[in-house]
Number of protein chains: 2
Amino acid sequence: MALYGERGYDNTTVAEIAARAGLTERTFFRHFTDKREVLFWGSSRLQALMVEAVASEPESASPLDAVAAAIEAAGVLLQERRDFARQRQAIIAASPELRERELIKLASLASALADTLRQRGIEEPVASLAAEVGIAVFKIAFARWVEESNQKALPEVMRESLDELRAVTALG
Amino acid sequence: MALYGERGYDNTTVAEIAARAGLTERTFFRHFTDKREVLFWGSSRLQALMVEAVASEPESASPLDAVAAAIEAAGVLLQERRDFARQRQAIIAASPELRERELIKLASLASALADTLRQRGIEEPVASLAAEVGIAVFKIAFARWVEESNQKALPEVMRESLDELRAVTALG
DNA sequence: CAGGCTGATGTCAGTTGCTGCCATCACTAT
DNA sequence: ATAGTGATGGCAGCAACTGACATCAGCCTG
């Protein structure tokens, strides 16, 4: 990430990353499937956290409530790693390739949440809809949080965005 | 697309595509920025159609109504090109790289819809939320339509999914 | 302790996607 | 007829990856 920040993602070769880490290029590709994947190393932990949050909601919770708990948990985690998250996001935003990878991570996240909802007895397409909508709220809240360089904490922005969503779908 | 269908995306080289088209590899890259981009050639037309649908809704329409008109229009178009759409989707689903590209096209679509909503006086974050939610419904409805290899027409599936969404967000 | 197994790393060659540079060629405007 | 323009081809080269093989450290077993 240091290298990506200094010279930009495109201008950084895998050989340079490997050298900085004291490794060979070949070894780099044994740890990461991709040049892109380095930036998404922790994403599986975030996904596990969010899945856990959905799973541990009470049975009585609605699908949207369960998803709300997941993005709330994600908000807390990212708020803790605030500076890191912002720096990383700046790098991703600067590269189309990285934005693609980010989107597929979010899609995989939505899919995992939908699975979890289904295990709670939620039928399709409700499970997928709730999960996808939750991820949409997550994306927008996160973007707002990154922009307004300080101000509110992420979990609060998440809650506000979710409320706005309810208003939007209620009106339409 | 013929080649991708025959041998799979990964096993098809750009040289082969170019040869089949009677071109040089170099010329191929002058027409398409990417090996992936070939499969998304018509996507700008779909985006223009959806943007137009949002723009031509009456002032009184809510954001979600406007977005609903856009995915309805997309549904009609894709229903016309039913076989093509399904064949194309099978190829995309089989390749992670292509799925990434598809996701960024959808993200760009959401962004364009949000822009159009903003031009209609809708404020952020409502504009982005409505757009993203609309794309989520689009994704899910399309996936269902592709699965249930025949049955209902896409616009109908779109409407049903949107209704389910309203129910989901109303309960939560 | 010797020998063999395993897992992580290095080395090297090769393929493929993609780009820059220059030449060619058809077409068109004057 | 000439010059300018846009599309194409040819070629060289870089960088991301991959497969095959060698090496080496640690560790288990007899």
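## Chain contacts and DNA-facing surfaces

In this predicted model, 30 residues of chain A are in contact with 30 residues of chain B, two residues being in contact if their C-beta atoms, placed from the backbone, lie within 7 Å. Residues are numbered from 1 along each chain as its sequence is written, while chains are lettered from A and ligands numbered from 1 in the order in which they are written. Local features need pLDDT of at least 70 and side-chain atom pairs count only at pLDDT 80 or more, whereas totals for chains, interfaces and linings use all residues.

On the side of chain A that touches chain B, at least two residues each come from helix H5 (63–80), helix H7 (96–119), H8 and helix H9 (154–171) of chain A. Helices are DSSP runs (H or I, at least four residues), numbered from the N terminus. H8(A) provides the largest share of this side, 10 residues. By class, the side comprises 16 nonpolar, 5 polar and 9 charged residues. Here Ala, Val, Leu, Ile, Met, Phe, Trp, Tyr, Cys and Pro count as nonpolar, Asp, Glu, Lys and Arg as charged, and the others, Gly among them, as polar.

Helix H8 (residues 126–147) of chain A packs against helix H8 (residues 126–147) of chain B at an angle of about 150°, with the axes 9 Å apart. The axes are lines fitted to C-alpha atoms over the stretch in contact, and angles run from 0 to 180 degrees between N-to-C directions. Residues of H8(A) in this contact are Ser128(A), Leu129(A), Glu132(A), Val133(A), Ala136(A), Lys139(A) and Ile140(A), and those of H8(B) are Ser128(B), Leu129(B), Glu132(B), Val133(B), Ala136(B), Lys139(B) and Ile140(B). The contact of H8(A) with H8(B) has 8 nonpolar, 2 polar and 4 charged residues.

Both chains also contribute to the surfaces near the DNA strands. A residue is near a strand if its C-beta atom, placed from the backbone, lies within 6 Å of it.

| DNA strand | Residues around it | Closest residues | Classes |
|---|---|---|---|
| C | 13 residues | Thr24(A), Arg26(A), Thr27(A), Thr13(B), Lys35(B) | 4 nonpolar, 4 polar, 5 charged residues |
| D | 13 residues | Thr13(A), Val14(A), Lys35(A), Thr24(B), Thr27(B) | 4 nonpolar, 4 polar, 5 charged residues |

For DNA strand C, helix H3 (25–31) of chain A and helices H2 (14–20) and H3 (25–31) of chain B each supply at least two residues of the nearby surface, and H3(A) gives the most, with 3 residues. For DNA strand D, helix H2 (14–20) and H3 of chain A, together with H3 of chain B, each supply at least two residues. H3(B) gives the most to the surface near DNA strand D, with 3 residues.
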